[in-house]
Amino acid sequence: MKDNNPKRSILEIAAFAIVGLIGIACWRFLNSIEYLLFPDRKKRLIMLIDLDKCIGCNVCSVACKSENGVALGQYRTQVLEAEEGVYPSVQRLFLPVMCNHCEEAPCLKACENKAIIKRSDGLVFIDKEKCKGLQLCIPACPYGAIYFNQDADPSADVRDYPSRAVGRSDKCDLCMGRIDVGLEPACSDTCPTDARVFGDMRDGNDPIRKKIHEEKLTGLLPGKGTGPQVYYRGGNRDLFKDTIVNPHN
Amino acid sequence: MDRREFIKISTIGSSVIFVQKENLAKAAVDEPVQTDGKIDRITLPSACWQCVSRCAIIGYVENNRLVKIDGNPNSRRNEGKVCAKGQAGINQVYHPDRVLYPLKRIGKRGSGKWEKISWEEALGLIVDGGEIEGTKVKGLRTLREEGTPEKFLFHYGRMVGSDYTIIRNYFLNAYGTASIGDHNSICVNAGGIARMLSGDVTPGFPFDEAKFILNFGNSLFEAGFDHVPFVRRVSGMIENGTRLVTFDVRLSNTAAKSNEWIPVKPGTDLAVILALCNVIVRNKLYNKEEFQMSANVTIEELENHLAHYTPQWAEEISGVPTHKIISIAKEFGSTKFSVAISQRGAFMHFNGVQTQRAIYLLNALSGNLGSQKVVMEFPQWDYPFPFPDGAKDRLDLFEGEKGKYVITAGNVSHQICHMIDIEKDKPELYMVYCHNPVYSNGDCNQNARIYGDTKKIPFLVAIDVALSETSELADLVLPDTTYLERWTCETGRAPKGIAEYYIRQPLTEPLGESRNFVDVACDLAARLDLDLGFSSSEEFVRETCNNTAVIKDAGGFDFMRKNGIYQDDNTGTSFVQRRKINIRSEELRKKGFSGIPGWMPIPGHDKLDDNELILTTFKTNVQTHSRTQNCKWLTELFHENPAWINTKTAERLGVENGSLIKINSPIGSLITKARVTQGIHPDAISISNHGGHWAWGFYASGQRSFVHDTNFESDIRNKWWKANGAHVNSIIPNTGDPIAGSMCWNDTVVRIEKV
Ligand code: SF4
Ligand code: SF4
Ligand code: SF4
Ligand code: SF4
Ligand code: SF4
C-alpha cells in the first residue's frame with residue numbers, strides 16, 4: 001500500500017482545489033481592485049475577434065488604411081485566409097490580425113529610443129517624434145505587427161496623408177485619435193458582422209470582458225508570454241500557425 | 001449636445017438612437033472634432049453608391065479633403081456598417097485618372113488623343129451638334145426638330161434614387177425619347193422576368209423568422225442587393241441558430257461561412273430543386289392548405305409533374321448525392337420556417353428563368369408564398385414638380401432579334417450594339433452614362449469594334465468619372481462628379497418594414513470642373529427650352545424634402561442635411577390576402593416551355609470531353625463588376641483574378657497551382673493563372689469579374705490615361721502590384737436565354753491548354 005490510498009488522493013485533490021479556489025478568488029479580487037492598486041489604470045483596452053463570425057470581408061483592413069493614412073504595400077491589420085479539406089468537404093477560414101497591444105510588449109523593450117509607449121489604458125503606440133527609424137522593434141515583435149513607413153520617394157510630400165510619418169516605424173495604435181474623442185476604432189466600428197469588437201477589461205459591464213472570462217479566451221501565440229490583448233474566439237487558429245509568426249524571427 | 005456625443009450615442013445601437021433623435025437634430029453638422037489633436041474634422045451624413053445597396057454613410061472632412069467614411073449609425077438598414085467598397089469610396093474622388101474637364105476627341109476613335117474643351121463648347125456640341133474631326137454630328141435640338149427624338153439613345157449603368165427620376169422621368173420624357181438602355185440583362189433580368197411570370201411572389205412571413213435558409217448561387221456575404229444590411233441580418237440569424245445551406249459551384253466565402261456547402265455542376269440547380277420538390281411532395285412535407293390557396297396548380301398535378309424528377313435522376317445531372325437531396329428536402333419541408341433564396345449563380349443561365357420559377361415553387365411548398373403575404377409600404381418622396389408626359393418613340397434596339405425571346409421587358413441591353421451592328425436601327429447621338437458596355441458586356445472585342453465605328457454610332461458621348469474602355473471610344477467625354485459630391489433623394493426599407501428616407505449630399509466640393517450629370521441634364525433642358533420646373537439637383541432635393549409631409553414635419557431639408565436619414569415609425573409590415581401565384585405559366589406553356597417549371601438542359605453541357613469545362617464568373621467581396629478597380633485600396637487587395645480549378649481536374653490536365661493556362665472559348669481565348677483548389681466542382685472553371693481592365697486608370701489597368709495627374713493623389717508611386725488580371729467577359733459570347741434574353745454568364749464551355 002503505497003501512495004495509491006484513494007482517501008488520501010481525495011484529500012489531496014480537495015486541498016489542491018481549495019488552494020486553487022483561493023488563488024482564483026485572490027486573482028479575481030486583485031483584478032477587481034486593480035484600478036485601486038494602479039489608480040492611473042482605469043482602463044485596459046482590448047479587442048475581441050470572433051472567427052466564427054468573421055466573413056473575411058476585409059472592410060477592417062481598408063477602413064484602417066483610410067483612417068490611418070497607411071501607404072500602399074503596408075497594413076496595420078490584415079485578414080489571412082486558409083483553406084482546408086478535400087472536395088467536397090472543404091472549409092475556408094479567416095484570421096484577422098493586428099497589433100496585440102501586449103501587456104509585456106517585446107517591441108517596447110527592443111526600442112533603444114523609448115519611442116514605443118504603453119499608455120495607462122493599455123494601448124501600445126509609437127511616438128513618431130521620438131522614433132529614429134532604426135527598426136529594432138520590427139524583428140522584436142513576434143506577430144510581425146510593425147512595418148516601416150517607406151515611400152518610393154523618401155523626400156515625397158505626403159500632404160494627402162498627414163498622419164503618415166515617413167521614415168518611422170508604424171503600427172496599429174488602436175486608432176488612438178478616434179478613441180480619444182469617443183469614437184470606436186475604425187476596424188471594429190465598420191465590421192458588418194460584429195466579429196471584431198472593441199472593449200475594456202476594466203469595465204464590469206462590458207459584455208466582451210464577460211465573454212473572455214467565461215470562455216477563457218486567449219490571444220495569439222500565448223506561449224510567447226507577451227500577454228496579447230487582442231482575444232480570439234472560435235475558428236481553427238492552428239491552421240494559421242505558420243502565418244502569424246513574424247517572418248523576421 | 002456636441003458632435004462627439006452624437007457619435008458616441010449613435011454607435012450604441014439603433015434603438016438608443018431613436019430615442020435620441022430629437023437631440024441628434026440639434027447636432028450641428030459643422031461642429032468639428034479633432035482626432036489627432038491638430039486638424040479639425042467635420043462630419044456630414046450622406047449615402048454610398050459604390051454598389052446598388054446604397055448604404056447610409058457619414059463622411060469626415062479635414063482641410064476640405066474627405067478623409068474617411070463610416071456607416072451612418074442612425075440607419076436601421078446598415079446600422080453604422082459599410083463594406084470594403086464603401087470604405088474605399090474616397091478613392092473614387094482622389095484618383096489620379098479622374099476626368100476633371102470636358103474632353104473632345106482629336107484623333108481617331110480610341111486613339112487616346114483628346115483636347116480639353118470648355119463646358120460651354122461641350123454643351124453646345126450636344127445641343128446644336130457640330131464637327132468632330134471633320135465629320136458633322138447632329139445635336140439634340142436638330143433631332144427633335146426633325147421629329148426623331150428617339151435617335152437620342154441614352155444608356156445608363158447605375159442611376160438611382162432621384163437621379164433616376166430626374167433623368168428618366170423628367171429630362172428624357174420632356175425631351176421625348178424612350179430609347180433608353182440599362183444594364184438589367186447582364187445583371188439579374190432572368191430573375192426579374194421569372195418574378196413577372198410568377199405573379200405575386202412577395203414573402204409570406206418576415207424573412208428574419210426563417211430557421212432554415214436554402215441558398216442557390218447567392219454570394220450574399222460578398223455582394224448583392226442590400227448587401228451590408230443583408231449580411232447583418234443573415235449573420236445575426238445564423239448566430240441565433242438559423243441554418244444556412246449553400247448550393248454553389250464554388251466555395252465562395254458565403255458557402256464557406258454557411259453551415260454547409262453543397263457543390264453543384266454549373267447550370268443544374270434546376271434539377272436539384274425539382275428533385276427537392278419531388279421529395280417534399282412525395283413525403284407530404286409541404287404546407288398543403290397554404291399551397292392550395294395560393295398556387296394555380298393542385299398538389300396532384302404537381303405530383304404527376306414531378307414524378308420523374310427523382311433524387312437519383314438529379315444526382316446524375318448535378319452530381320449532388322441522392323442522400324443529400326433527400327435530407328435537405330426533409331429539413332426544408334419540416335422546418336418552420338424555411339426559405340429558399342437565390343441569385344445570379346442560379347439564374348444567369350440558359351435555364352435561369354425556369355430555375356428561379358422552381359425556387360418560387362420551393363417557397364410555395366414551404367408556405368412562404370402562402371395565402372397571406374407581407375406588405376411593406378415603400379417610402380415615397382413627394383416630388384413637388386409635375387411630371388412631363390411619358391415619351392413613346394423608341395428605336396428598335398432593345399428587345400434583341402425578333403422572335404428570339406419570349407418576354408424581355410425591353411431589356412436586352414447587352415445586345416444593343418449587336419442590333420446596331422446588324423442595322424436594325426441607328427442612333428444619331430448615343431449617350432452612355434455611368435456605364436461601361438464595352439467592358440461589362442460579353443464579347444468585348446466585338447463591342448469595341450462597334451462602339452468604335454463612327455458610321456454605326458455617329459456621335460458617342462460618355463459621362464464618366466474616369467476614362468473607361470467605353471469612354472475611351474467616345475467623341476466627347478463629360479466629367480461627372482463622384483457620388484460623394486452630389487445630391488440625391490434616396491429611400492430604403494429597414495427590417496420590420498420601417499420606411500427610411502435619406503439623402504446623398506456632397507461631402508466635398510466637386511473636384512476640378514466636374515459637374516453632377518443631373519445638373520448638366522437640367523442645363524441641357526434649359527438650352528432646349530424644356531421646362532422641368534427646377535434647375536439643379538440641390539434645388540430638387542431641397543424642395544422634395546420640404547414637400548414630403550413626414551420629412552417636412554421633422555424639419556425638412558435642414559433636418560435631412562444634419563441627420564441624413566428620417567425613419568417613419570408609423571410604417572411597418574402587415575399581412576394581406578395574396579392573389580394566386582403562377583406555379584404554372586400559361587404564357588410559357590403556349591411558347592413551348594414547360595408551364596410548371598421542368599428540367600431544361602443547357603446545350604453542350606451533357607457530354608463534356610476530358611478537356612472541357614464550364615466557365616462561370618463571380619464577384620469577390622472587395623470589388624464591383626467594373627467600377628471599383630480604380631480604387632487603390634480595393635485593387636491592392638484584389639488585382640489578379642486567377643481561374644479556379646478543382647485539384648483532381650488540374651491533375652488530369654497537368655495544370656499546377658499558379659501556372660499559366662490558356663482558356664479557349666468559341667469566341668476567343670485568354671491566358672491567366674490557375675488557382676488549384678479543392679473548393680470547386682470538378683466540371684467548372686471559375687474566374688471572377690473585375691480583372692483585365694485595359695483602361696479605367698493606372699490602378700485598374702497599369703496604364704496612365706490621357707488625364708493622369710497625381711495632383712490629388714500622392715500614393716501612386718507606392719503602387720507595388722504589376723499584374724491586373726484577365727477579363728473573363730471577353731471570351732463569353734453576348735447570348736441571351738431563350739425566355740428573357742438575359743445574358744448567360746455561366747454557360748460557356750471552354751477548353752484548357754497549358755502555356
Ligand atoms: S470586418 Fe469583421 S467580418 Fe470583415 S474581415 Fe474584418 S473582422 Fe472579419
Ligand atoms: S503585437 Fe508586436 S507590436 Fe504589438 S505590442 Fe505586441 S510586440 Fe509590440
Ligand atoms: S524604429 Fe523607431 S520605434 Fe522602432 S526601434 Fe527604432 S526608434 Fe524604436
Ligand atoms: S484599431 Fe485602428 S489602427 Fe488598429 S487595426 Fe484597427 S483600424 Fe487599424
Ligand atoms: S454594400 Fe458596400 S458598396 Fe454597397 S452601398 Fe453598402 S457600403 Fe456601399
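## Buried and exposed residues

A residue counts as buried when its relative accessible area is under 20%, as exposed when that value is over 50%, and as partly exposed in between. Let's put that scale to work on this structure, which is a predicted model. B:R77 has a relative accessible area of 6%, so this arginine is buried. B:D226, at 27%, is partly exposed.

These two residues are also partners: their side chains form a salt bridge, with N and O 2.5 Å apart. B:R77 sits in the loop between β4 (65-71) and α4 (84-87) of chain B, and B:D226 in the loop between β11 (212-216) and α11 of that chain, so the bridge ties together parts that lie 149 residues apart in sequence.

## Where the two chains meet

Now to the interface. Here, 62 residues of chain B are in contact with 54 residues of chain A. Between them the two chains bury about 4600 Å², and carbon and sulfur atoms account for 51% of that area. If you want names to look for, try B:K257, B:W633 and B:R717: together they supply 14% of the area that chain B buries against chain A, more than any other three residues.

Charge pairs are found here too, with eight salt bridges across the interface of chain B and chain A. One salt bridge joins the side chains of A:K65 and B:E636, at 2.4 Å from N to O. Another salt bridge pairs A:D194 with B:R232, at 3.2 Å from N to O. That pair crosses between chains, running from the loop between α7 (186-190) and β8 (196-200) of chain A to helix α11 (residues 227-239) of chain B. Its two ends fall in separate classes of the scale above: A:D194 is partly exposed because its relative accessibility is 28%, while B:R232 is buried because its value is 16%.

## Salt bridges across the whole structure

Side chains of opposite charge can pair when their charged atoms come close. Over all chains, a search of the whole structure finds 57 salt bridges.

Within a single helix, B:R527 pairs with B:D523, their closest N and O atoms being 3.1 Å apart. Both residues belong to helix α23 (residues 517-527) of chain B, where they are four residues apart, or about one turn of the helix. B:R527 has 25% relative accessibility and so counts as partly exposed. Elsewhere, salt bridges with shared partners link A:E67, A:R178, A:D189, B:R41, B:E62, B:K68 and B:D70 into one network.

## Cysteines

How many disulfides are there over all chains? The count comes to zero. B:C187 shows how a cysteine can miss out: the closest cysteine sulfur, in B:C51, is 11 Å from its own sulfur, too far for a bond, given that a disulfide needs the two sulfur atoms within 2.5 Å.

Is B:C187 buried or exposed? With 15% relative accessibility, B:C187 counts as buried. B:C55 is buried as well, as its relative accessible area is 7%.

## A nonpolar patch on the surface

To finish, let's look at the outside. B:L660, B:I671 and B:V755 form a nonpolar patch on the surface, and together they have about 280 Å² of accessible area. B:V755 belongs to the segment after β28 (748-754) of chain B. Its relative accessibility is 61%, so B:V755 counts as exposed.

Conventions: Residues numbered from 1 in each chain as written. Chains lettered and ligands numbered in written order. Predicted model: local features only at pLDDT ≥ 70, side-chain atom pairs only at ≥ 80, totals over all residues. Heavy atoms only, no water. Patch = residues over 30% accessible without salt bridge, like charges linked within 9 Å, V, L, I, M, F, W, Y side chains within 5 Å. Areas by Shrake-Rupley, 256 points an atom, 1.4 Å probe, with all protein chains shown as cover. Salt bridge = Lys/Arg side-chain N within 4 Å of Asp/Glu carboxyl O. Helix = DSSP H or I, 4+ residues; strand = E, 2+ residues; numbered from the N terminus. Buried < 20%, exposed > 50% of the residue type's maximum accessible area, 1.4 Å probe, protein only. Contact = heavy atoms within 4.5 Å. Buried area = accessible area lost by both parts, 1.4 Å probe.
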